[in-house]
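Here are my notes on the model you sent. Please read them with the structure open.

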Amino acid sequence: MRITKKQKYLQNAINSFVYGNCEEVLKQIPNESVDLVVTSPPYADQRDYGSLESSISPDQYVKWFAPKAKEIHRVLKNNGSFVLNINDKVVGGYQHLFVFELVLHLCKKTGFNLVRDYIWYNPATPPNVFSRGGYGRTKKSHEYCFWFSKGPEWTFNLDPIRKPYGKDMLKFLEGKGKGDRNQNTRPSTHNFNCEKVWTNKGGSDPGSVIELGNTNSNDVFAKLCKERGISHPARFPEKLVEFFILSGTKVGDVVLDPFSGSGTTAISAERNGRKWIGIDGNADYCELAAARMEIEFGGESRGD
Ligand SMILES: C[S@@+](CC[C@H](N)C(=O)[O-])C[C@H]1O[C@@H](n2cnc3c(N)ncnc32)[C@H](O)[C@@H]1O
């Protein structure tokens, strides 16, 4: 495992954590060389990552992200995808619109196409801790994951992300359920009386809401942080990024995270036989992410 300090040209960034401002580092990565960019950039004004750039104001967010998006678009292969995990913020009493402005910018100006907007629902917060009842609204229990394609075709594998059927559904699929589903007449008049609907495909389409708690406070990275007396305030769960890596790439493809933080994207890519590149503007995070990779995989790369 190798950390490459910022150089003029990156000879081979594959399976490396690269320290630097991603806008600059991305410029050193060749055109159309990446299959999937999946990332969670700093949220507007919310955290101090001790990084090259943090605390971007919501009003400036699109302007800040636009040149990075241009590079992301350039490095992606024509059938590549970009998945953006992001959250918004209440400013002056109302939810700021920068996330939606950014989505419009990415589609209307950068050239991406919106494939699907996913909701990451995190049910794990204690019932009253983040309640916003006193502010005239509920707490926010989801973040967005926008899946964009670069071109008209993109990799998509449904099978690895299928949701296991429930017990009752399995009975129906085995022809042992109560009642006759084929005779079922729905108020919507949809006709489900066809073999295709009642064939066991190994699980159902999981839909666009991903329910996952963020439970990485005891993992290898958290332990390394404790030893070094530092912390990372905003990591996403490995299962979240795995959903997009499994569905949006093939074994051996290249996955890049320009705001890689603790290296979660790289870890998932490695675990699933993909190649990876992680970029972060905090040198400590790059170093600890490399150490995490070494501990989890013993320096053996599965993505080569
Ligand atoms: C929300 S965190 C990403 C966390 C990551 N998904 C994980 O699971 O650990 C955002 C990261 O972006 C980094 N960052 C901020 N500005 C940057 C920039 N201009 N270029 C590269 N990294 C940057 C921060 O250091 C931080 O680690």
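Is Cys286 buried or exposed?

1. This is a predicted model, so please read every point below with that in mind. Cys286 is buried, because its relative accessibility is 1% and the cut-off for buried is under 20%.

2. Cys145 is buried too, with a relative accessible area of 1%. Neither cysteine should be looked for in a disulfide: the structure holds zero of them.

3. Cys145 also belongs to a cavity lining. Two cavities of 30 Å³ or more are counted. The second largest has a volume of about 40 Å³. Its lining is made up of Val38, Thr39, Val83, Asn85, Cys145, Phe236, Leu240, Val241 and Phe244.

4. Which elements give two or more residues to that lining? They are β3 (34-39), β4 (76-86) and α6 (238-248). Helix α6 gives the most, with three residues.

5. The chemistry of this lining is easily stated. Seven of its residues are nonpolar and two are polar. No charged residue takes part.

6. A charged residue elsewhere deserves a look: Glu71, in helix α2 (residues 61-75). Glu71 counts as buried because its relative accessible area is 11%, against a cut-off of under 20%.

7. What does Glu71 touch, leaving aside residues up to four places away in sequence? Its contacts are Glu23, Leu26 and Lys27. Glu23 and Lys27 are charged residues, whereas Leu26 is nonpolar. Please check this group of side chains around the buried Glu71 in the view above.

Notes: Residues are numbered from 1 along each chain as its sequence is written. This is a predicted model: local features need pLDDT of at least 70, side-chain atom pairs count only at pLDDT 80 or more; totals for chains, interfaces and linings use all residues. Side-chain values use heavy atoms; hydrogens and water are left out. On a 1 Å grid over the protein atoms alone, a cavity is a set of points where a 1.4 Å probe fits but cannot get out, and a pocket is an open set with protein on both sides within 12 Å along at least five of seven lines; lining residues have an atom within 4 Å of a point. Grid points are joined across faces, edges and corners, and a volume is the space filled by probe spheres set on the points. Helices (H or I, at least four residues) and strands (E, at least two) are DSSP runs, numbered from the N terminus. A disulfide is a pair of cysteine sulfur atoms within 2.5 Å. Buried means under 20% relative accessible area, exposed over 50%, partly exposed in between (1.4 Å probe, protein chains only). Contact means heavy atoms within 4.5 Å.
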